[in-house]
Amino acid sequence: MRILKSLWRRFTHKLHHFRWSHFKKLLNEHGVAFLVIFIIWEIIEDIMFPLLFIWLGNNVNPWFLTGAPISWLLCVHPIAVPIMWGIWIKISRRKNESKDIEDQVCGPTCS
């Protein structure tokens, strides 16, 4: 019975991430970029991983088929989303860094 309760809790936890209220909360707290990263990761985690395991199970080794339902139960976005967010912050800072320095030196009317 404990196993079923644990599975149900994980399943409802997954569904919580697809509620509109959760998306609005992410948008208000972190902005559009974080919301897009979060949605893309959820698509990868809930659709692409199971499809990859099914394909590997059919073409490589049947043991990979056990990975499809397991990938729906595992929740790796607390690890993956912060990593992708950090990469995004580093990339976006590099693009805007020269403009920020220019604005500090001579103001926004410099160019």
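User: Quick one first. Is F34 buried or exposed?
Analyst: Buried: this is a predicted model, and in it F34 has 12% relative accessibility. The cut-off for buried is under 20%, so F34 counts as buried.

User: Which core does F34 belong to?
Analyst: F34 is part of the largest nonpolar core, which has nine residues. The others are F23, L26, L35, I37, F38, W41, A80 and V81.

User: Which elements give two or more residues to that core?
Analyst: Those are α2 (20–30), α3 (32–59) and α5 (77–106). The largest share, five residues, comes from α3.

User: Back to F34. What about aromatic pairs, how many are there in the whole structure?
Analyst: A search of the whole structure finds two. In one of them, the ring centres of F34 and W85 are 5.2 Å apart and the planes stand at 85°, so the pair is edge-to-face.

User: Which helices hold those two residues?
Analyst: F34 sits in α3 and W85 in α5. The pair therefore ties together parts that are 51 residues apart in sequence.

User: And how accessible is W85?
Analyst: W85 has 24% relative accessibility, so W85 counts as partly exposed.

User: Which residues make the other pair?
Analyst: W41 and F49. Their ring centres are 5.8 Å apart and their planes are at 85°, so this pair is edge-to-face too. W41 is buried, with a relative accessible area of 11%. F49 is partly exposed, at 29%.

User: Switching to α2. Which residues are buried there?
Analyst: H22, F23 and L26. Seen down the axis of α2, the buried residues fall within an arc of 100°, so they line one face of the helix. Of these, F23 and L26 are also in the nonpolar core.

User: What exposed residues does the face turned away carry?
Analyst: W20 and N28 are the exposed residues on that face of α2.

User: What follows α2?
Analyst: G31 does, and its phi is positive, near 95°.

User: Now the whole chain. How many helices and strands?
Analyst: Five helices and zero strands. From the N terminus on, the order is α-α-α-α-α.

User: What percentage of the chain is buried?
Analyst: Buried residues make up 22% of the 111 residues. The chain exposes about 8,700 Å², and carbon and sulfur atoms supply 69% of that area.

User: And contacts between residues at least 6 apart in sequence: what share joins residues at least 24 apart?
Analyst: That share is 56%.

Key: Residues numbered from 1 in each chain as written. Predicted model: local features only at pLDDT ≥ 70, side-chain atom pairs only at ≥ 80, totals over all residues. Heavy atoms only, no water. Core = buried A, V, L, I, M, F, W, Y, C linked by side-chain atoms within 4.5 Å. Buried < 20%, exposed > 50% of the residue type's maximum accessible area, 1.4 Å probe, protein only. Helix = DSSP H or I, 4+ residues; strand = E, 2+ residues; numbered from the N terminus. Arc of directions from axis to C-beta. Contact = heavy atoms within 4.5 Å. Areas by Shrake-Rupley, 256 points an atom, 1.4 Å probe, with all protein chains shown as cover. Phe/Tyr/Trp six-rings, centres within 6.5 Å; stacked < 30°, edge-to-face > 60°.
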